[in-house]
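Q: Hi! Could you walk me through this structure?
A: Happy to, let's bring it up first.

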Amino acid sequence: MALQSYLFVPGAKEQVIKKAITSDADIVIIDLEDAVAEDEKENARQLLLTINKEVNIQQRELCVRINGIDSEHWKSDLEAVYKANINSVMLPKCESKEDIEQLTRFAEEKCILNFSIIPLIESAKGVLNAYEIAKSHHSIQRLAFGSVDYSLDIGVELSKEETELLFARSMLINSSAAAGIESPIDCPYIDFNNEEGFIETVINAKKLGMKAKLLIHPKQIELLHKLYQHSEEEINQSKTIVQLFEEALLNGKAAISYEGKMIDYPVYKQAKRILSRQNKIGNNN
């Protein structure tokens, strides 16, 4: 299944969570970290058990952003996630494979098994260690990028052009590919009323290789899904390339010319990938 939209919701707001559950987001991320005040942490954990009844009704896939390893809350968070029968967690401010090892070691001690982890990379150290993090444990689903804390860590302000994020995005994309996991989830776009800016950032990140995005508002979901769809021209061209190349293979040729361009195995595989991805998107819809 092609999972593209990951919608954050505050973990202490029951009605907001229930509304998000009925949205078209591929994954709803219940946030126990930044969106929950210190004195509300335990209430938010208890709310997970209540929400799970709604999840069963909706047959909804959820993820929970627990608090970071450097906090006093993450162990209680993980136990609450397990009790709520939610099998995916996002680990914020993940900086090394040791963070993942500490999380999975505690999970094994508590017999919390068969869950997936999305490490949220939000610092210079995390970016540089992205490959080691990505391949540190079999439960790593995919990486995610947090641009606000990252920009703060490297001492820059987020710009409209987002040139300051190019290195980090590229590192996460290459690290994920090298580790053999899914492409990373891009950072949220904070100005949810700026549709033009949202479109620009999604298109630019998509060109780099990002195939999913963190969202902070339901209004971003439909637009994101549209932006990730391949154009009819791309799909038709891919179909033609696959057909012509497979015909060439039957005739003993592994390279052909099409519209003045050389078509060989890498081009053929890319065309197959586009068709496969579009088919998955179509099945989700």
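**Cysteines, a helix and a pocket**

Q: Let's start with C111: buried or exposed?
A: C111 is exposed, with a relative accessible area of 52%. Keep in mind that this is a predicted model.

Q: And C94, buried or exposed?
A: C94 is buried, and its relative accessible area is 0%.

Q: How many disulfides does a search of the whole structure find?
A: The search finds 0 disulfides.

Q: Why is there no bond for C94?
A: Because the closest cysteine sulfur, in C63, is 13 Å from the sulfur of C94, which is too far for a bond. A disulfide needs the two sulfur atoms within 2.5 Å.

Q: New topic: which residues of helix α3 are buried?
A: Helix α3 covers residues 74–83, and its buried residues are W74, D77, L78, A80 and V81. They sit on the same side of α3, because they cover an arc of only 160° around the axis.

Q: What comes just after α3?
A: Just after α3 you'll find N85, which takes a positive phi of about 60°.

Q: Now pockets. What volume does the second largest pocket have?
A: Its volume is about 330 Å³. Of the 18 residues lining the second largest pocket, F8, D31, R65, P188 and I216 are the closest to its centre.

Q: Which elements give two or more residues to that lining?
A: Those are β1 (5–10) and α7 (147–154).

Q: And what is the lining like by class?
A: The lining of the second largest pocket has 11 nonpolar, 2 polar and 5 charged residues.

Technical notes. Residues numbered from 1 in each chain as written. Predicted model: local features only at pLDDT ≥ 70, side-chain atom pairs only at ≥ 80, totals over all residues. Heavy atoms only, no water. Buried < 20%, exposed > 50% of the residue type's maximum accessible area, 1.4 Å probe, protein only. Helix = DSSP H or I, 4+ residues; strand = E, 2+ residues; numbered from the N terminus. Arc of directions from axis to C-beta. 1 Å grid on protein atoms, 1.4 Å probe; cavity = no way out; pocket = protein on both sides within 12 Å on 5 of 7 lines; lining within 4 Å. Points joined across faces, edges and corners; volume = space filled by probe spheres on them. Nonpolar A, V, L, I, M, F, W, Y, C, P; charged D, E, K, R; others polar.
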